[in-house]
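Subject: Structure handover

Hello,

I am passing on the structure we talked about. Please open it and keep it beside this email while you read.

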Amino acid sequence: MKARGPAIAAALALVSGPLAGQELRFPPGEDARFHWDSFEALKSQDLAGQRLTILGPWLGPDKALFDSVIAYFEAATGAEVTYNGSDNFEQQIVIDAGAGSPPDIAVFPQPGLARDLASKGQLAPLDPATADWLRENYAAGESWVSLGTFPGRDGTEALYGFFYKIDVKSLVWYVPENFADFGYEIPRTMEELRALTERMVADGVTPWCIGLASGGATGWPATDWVEDMMLRINPPEVYDQWTSNGIPFDDPQVVAAIEEFGWFARTPDFVAGGPNAVAATDFRDSPKGLFSAPPQCFMHKQASFIPSFFPEGTVIGEDADFFYLPAYADRDLGQPVLGAGTVFGLTRDTPAARAFLEFLKTPIAHEVWMAQTGFLTPFTGVNTDVYGDPTLRKMGEILLNATTFRFDGSDLMPGAVGAGAFWTGMIDYMGGKSAERVGADIQRTWDTFK
């Protein structure tokens, strides 16, 4: 553990000492929306004198928010916790684990690296009861068990990862005033979304804005489209086979998902500027068409971060809003959600580290961050009224209503595929190459890893 400066040591003493309640963001017991009983129950664990180190990707405001959650664990248990954020986390954790000096807990921004460390024996399996807890307490619980289960050094699979803080990608953004002007209603099924797209064209307006340009990462927004479509035309097991190359990229099930994206993006009247403009339009600029007068488009599919690129002063829920990218009614695949999130793993198996992961199973560990900003959870035991704003609450409800959750597929693939051939393949597809040829090209890249 790194040496603490006097100021940090003093702050920790305040948090874990008799005045700890004054240091907490929300004083225990004052706001009845919180599950304070789960905080009080933590006090049965006496971890006084035990120190815990956590390394993760959160810096700046996110670090401050996570520290505000950690404070409740410290106040209840007496443990001292140091969280260090790094913008070089992926490299740092590999170096530290390889050198035998890892933190107690690592917070991975995606599960692929956690899987790698588990295969090297550098992660400790979680308590087997945690898998049952996830199934019972997280919406689409089996999905979270599957995402956090990896083979260990001996090849035996076990649960190594606990997901906490989730992002949602299966969103379609629109301007309510534009919808109201034409009498459009929010589509509840993919069939209705397709019908709405065609109706907009018949009404003389353009349904979609799509932009794939992103400098060296050009093409990535199309991969999110394909991943969402994979989950809407295939069972989740097929999605898992695809992201692990259990089925090839030119499998008919994958080709069909690429063509589902193509129905929206390659039909000339469906997209602002026509298909030729899609690859050239920067993804940060593409939603601006929603706000032009007259509108250049009426819908834009993108993850929860995109309001950062809306015009200054845009109020979500008034000037712009979103709806869940719906599933097909006739395919009986439930309500799949595509997203991302951070996964906690034990890089040193200590009592304090295991106690902290147990803390993450309490409502208060989620509600403290929910009540502030930038946090979504699939934990069904929280009070959603705690969410800091209506937008987060609405996104949280989408997550809680999910029957299947799957992680961004390109992040689960080898870098040369998910952050290389898949991106460029989508640009080739928008340039007119067939989905079959694109899939075969991407597969050839993946074959070099075998």
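In this predicted model, the largest nonpolar core is made up of 96 residues. Those with the most contacts inside this core are Ile54, Phe66, Phe108, Tyr164, Phe344, Phe356 and Phe359. Helix 4, which covers residues 60–77, supplies the largest share of the core, with nine residues. Where does the core sit relative to the domains? Residues come from both domain 1 (36–168 + 339–406) and domain 2 (171–335 + 420–447), so the core lies between them.

Phe66 is a good residue to select on screen. Setting aside neighbours within four places in sequence, Phe66 is in contact with Ile54, Trp58, Tyr83, Tyr164, Phe344, Phe356 and Trp369. Another core, of 52 residues, lies apart from the one just described. Its members include Met190, Leu212, Met230 and Phe264.

The other topic is empty space inside the protein. How many cavities of 30 Å³ or more does a search of the whole structure find? The search finds one, and the space in this cavity is about 40 Å³. Its lining consists of Cys209, Ile210, Gly211, Leu212, Pro221, Trp225, Phe283, Ser286, His300, Lys301 and Gln302. Two elements, helix 11 (220–233) and strand 8 (300–301), each give two or more residues to that lining. Sorted by class, the lining residues are six nonpolar, four polar and one charged. Leu212 appears twice in this email: it belongs to the 52-residue core and also lines the cavity.

Regards

Note on methods:
Residues are numbered from 1 along each chain as its sequence is written. This is a predicted model: local features need pLDDT of at least 70, side-chain atom pairs count only at pLDDT 80 or more; totals for chains, interfaces and linings use all residues. Side-chain values use heavy atoms; hydrogens and water are left out. On a 1 Å grid over the protein atoms alone, a cavity is a set of points where a 1.4 Å probe fits but cannot get out, and a pocket is an open set with protein on both sides within 12 Å along at least five of seven lines; lining residues have an atom within 4 Å of a point. Grid points are joined across faces, edges and corners, and a volume is the space filled by probe spheres set on the points. Helices (H or I, at least four residues) and strands (E, at least two) are DSSP runs, numbered from the N terminus. Ala, Val, Leu, Ile, Met, Phe, Trp, Tyr, Cys and Pro count as nonpolar, Asp, Glu, Lys and Arg as charged, and the others, Gly among them, as polar. A nonpolar core is a set of buried Ala, Val, Leu, Ile, Met, Phe, Trp, Tyr and Cys residues joined through side-chain atoms within 4.5 Å. Buried means under 20% relative accessible area, exposed over 50%, partly exposed in between (1.4 Å probe, protein chains only). Domain bounds come from an automatic or database domain assignment. Contact means heavy atoms within 4.5 Å.
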